[in-house]
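Open the model in a viewer and keep the selection tool at hand. The stops below give what to select and what is there.

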Amino acid sequence: MARAKDWVRSSPGTHIWLLVIGITSLVIAAASEGLGQFLVHRTSSNIHELNEHPLPSLLISGFWIERPESFLLYAVMFELLHANVERWLGTARWLLTVGGAHIAATLASQELVLLAIEGHRLPRSMTHVVDIGVSYGLAAAAGVLTYRLRPPWRYGYLAGVLVFFGIPLLTGATFTDFGHAIALVMGFAAWPLTPAAAEEPPEDGTGPADRAAGPPPERRPESPQER
């Protein structure tokens, strides 16, 4: 029990987020079919909601999942990905990474939908498509976690992540698949925020401790009397 409490305290953002998703999932599960559909559409970050309520739709959409029965699966993914990344990066940098990826992937994927509608490749009804969920943040966390693992485990994990997110892009990608790819890339791009980046030695071969200590003191030339 003590270890579980320490784990939760070490990743508070992850578990607060998960708690909110649990509450909203209970709301969806208890609602009538009509009310449930209204809620998922009203909290979506689709083109219509982004035009009408841009900031609320971007934020609120990350706290709902469409199928409450999937909550346990998401809980496992949060513990494996978000909790580990938050413990490693710290809450502020973790939130900056996954929050930024969620917003960027949402805006970019909906821009693709808009372009497809204007090009008559998608129906105009797609402006009201359901676009809620936490998967963009999970994709970003999966990307960051690559740097947490040491070789050779890192390479196997990286290959698995690329296959998992890459196959949908090559086999009839949807706007959500593009969003996942964008979020994953943003996770990879978060390397400078990781502790591993701070520990990486520079090209001159000096480490952080060497640079903090400053240059070595100059040695005076010995006089004939000195030994």
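Select S11. With a relative accessibility of 0%, S11 falls under the 20% cut-off and therefore counts as buried. This is a predicted model. S11 sits in the loop between α1 (2-10) and α2 (12-30). Show its side chain: a polar atom there lies 3.0 Å from the backbone oxygen of W7. Then add A83, E86 and R87 to the selection; S11 is in contact with these residues once its neighbours within four places in sequence are left aside.

Next, select G36, which is in helix α3 (residues 33-42). Its relative accessible area is 8%, so G36 is buried as well. Leaving aside neighbours within four places in sequence, the contacts of G36 are with I28 and A31. Add E66 and draw a C-alpha to C-alpha distance: G36 and E66 are 9.0 Å apart in space and 30 residues apart in sequence.

Now zoom out and colour by secondary structure. The chain has 12 helices and zero strands. Read along the sequence, the pattern is α-α-α-α-α-α-α-α-α-α-α-α. Colour by accessibility instead, and 37% of the 227 residues of the chain count as buried. For a contact map, take the contacts between residues at least 6 apart in sequence: 76% of them join residues at least 24 apart.

The next two stops are helix pairs. Two packed helices are described by the angle between their axes and the distance between the axes.

Select residues 71-89, helix α6, and residues 135-145, helix α8. At what angle do α6 and α8 pack? The angle is about 50°, and the axes are 9 Å apart. That angle makes α6 oblique to α8. The crossing of the two helices is left-handed. To see the contact, show Y74, M77, F78, L80, L81, H82, N84, V85, W88 and L89 on α6, together with G137, L138, A141, A142, V144 and L145 on α8. Coloured by class, the contact of α6 with α8 has 13 nonpolar, three polar and no charged residues.

Move on to residues 153-170, helix α9, and residues 175-189, helix α10. The axes of α9 and α10 come within 8 Å and cross at roughly 150°. Angles over 145 degrees count as roughly antiparallel, and α9 and α10 are therefore roughly antiparallel to each other. α9 passes α10 in a left-handed crossing. On the α9 side, show L158, V161, L162, F165, P168 and L169; they meet D177, F178, H180, A181, L184 and F188 in α10. By class, the contact of α9 with α10 has 10 nonpolar, one polar and one charged residues.

Finish with two backbone details. Most residues other than glycine have a negative phi, and most peptide bonds are trans.

Select P151 and P152 and look at the peptide bond from P151 to P152: this bond is cis, with omega near 0°. P152 is placed in the loop between α8 and α9.

Last, select H120, in the loop between α7 (91-118) and α8. Is H120 buried or exposed? Its relative accessibility is 72%, so H120 counts as exposed. Check its backbone torsion too: phi of H120 is near 60°, a positive value in a residue other than glycine.

Notes: Residues are numbered from 1 along each chain as its sequence is written. This is a predicted model: local features need pLDDT of at least 70, side-chain atom pairs count only at pLDDT 80 or more; totals for chains, interfaces and linings use all residues. Side-chain values use heavy atoms; hydrogens and water are left out. Axes are lines fitted to C-alpha atoms, for helices over the stretch in contact, and angles run from 0 to 180 degrees between N-to-C directions. Helices (H or I, at least four residues) and strands (E, at least two) are DSSP runs, numbered from the N terminus. Angles under 35 degrees count as roughly parallel, over 145 as roughly antiparallel, 65 to 115 as roughly perpendicular and the rest as oblique. A crossing is left-handed if the near helix is turned anticlockwise from the far one by less than a right angle, and right-handed if clockwise. Contact means heavy atoms within 4.5 Å. Ala, Val, Leu, Ile, Met, Phe, Trp, Tyr, Cys and Pro count as nonpolar, Asp, Glu, Lys and Arg as charged, and the others, Gly among them, as polar. Buried means under 20% relative accessible area, exposed over 50%, partly exposed in between (1.4 Å probe, protein chains only). A polar contact is a pair of N or O atoms within 3.5 Å; within protein, one must be able to donate a hydrogen and the other to accept it, and residues adjacent in sequence count only if both atoms are side-chain atoms.
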